[in-house]
Amino acid sequence: MEDHAGIAQLVEMYASMIYRIAYTRMQNVADAEDITQEVLLKYLKAGKTFRDEEHRKMWLIRVTVNTIKSNVTSAWRRLSLNHQNLLY
C-alpha cells in the first residue's frame with residue numbers, strides 16, 4: 001500500500017485523465033466522477049507494482065475502459081435510466 005503522499009500524487013497525476021476518459025464516454029458529470037473514484041479505489045485495492053509510469057498509466061486506462069463498459073451494461077444503470085425516462 002502506498003503512503004498518503006503517494007496516493008495524493010497518484011490522484012493529482014491521473015484523476016483528470018481518468019475523468020476525461022469517463023466523461024467522454026458517459027457524457028454525465030456524476031457518472032464520470034463515480035467512475036474516476038471507482039478506478040482509483042481499484043488501483044489502491046490491487047496494490048500492484050509497476051515497472052514504470054507508462055505501465056501504471058496503461059493499467060489505469062484499461063481499468064477505466066473496463067469500468068465504463070461494466071457501468072454501461074449494468075442492470076442497475078438500465079433500470080435507473082428507465083425510471084428517469086418515466087419521470088420526464
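**Helix packing and aromatic contacts in a predicted four-helix model**

Helices α1 and α2 are oblique to each other, a class that holds angles outside the ranges for roughly parallel (under 35 degrees), roughly antiparallel (over 145) and roughly perpendicular (65 to 115). The two helices pack at an angle of about 135°, with their axes 8 Å apart; axes are lines fitted to C-alpha atoms over the stretch in contact, and angles run from 0 to 180 degrees between N-to-C directions. The crossing of α1 and α2 is right-handed, that is, the near helix is turned clockwise from the far one by less than a right angle. Contacts (heavy atoms within 4.5 Å) between these helices involve, among others, Ile-7, Leu-10, Ile-18 and Met-26 of α1, and Val-29, Ile-35, Val-39 and Tyr-43 of α2.

The model is predicted, with local features requiring pLDDT of at least 70 and side-chain atom pairs counted only at pLDDT 80 or more, whereas totals for chains, interfaces and linings use all residues. Residues are numbered from 1 along each chain as its sequence is written, and side-chain values use heavy atoms, with hydrogens and water left out.

The protein has 4 helices and 0 strands, assigned as DSSP runs (H or I, at least four residues, for helices; E, at least two, for strands) and numbered from the N terminus. Of its 88 residues, 26% count as buried, the term denoting under 20% relative accessible area with a 1.4 Å probe and protein chains only (exposed, over 50%; partly exposed, in between). Residues 24 or more positions apart account for 61% of the contacts with a separation of 6 or more.

The largest nonpolar core comprises 16 residues; such a core is a set of buried Ala, Val, Leu, Ile, Met, Phe, Trp, Tyr and Cys residues joined through side-chain atoms within 4.5 Å. At least two residues of this core come from each of α1 (4-26), α2 (29-46) and α3 (53-73), and α1 gives the most, with 7. Ile-35, one of the members touching the most others, also meets Thr-64, Thr-67 and Asn-71, among further residues more than four places away in sequence.

Four aromatic pairs are present in the structure, defined by ring centres within 6.5 Å (stacked, planes under 30 degrees apart; edge-to-face, over 60; tilted, the rest), with the six-membered ring used for Trp. The rings of Tyr-43 and Phe-50 are stacked, because their centres lie 6.1 Å apart and their planes at 10°. Tyr-43 and Trp-59 instead pair edge-to-face, at 5.9 Å centre to centre and 65° between the planes. This second pair links helix α2 to helix α3 across 16 residues. Tyr-43, Phe-50 and Trp-59 form one aromatic cluster, and Tyr-43 counts as buried at 2% relative accessibility.
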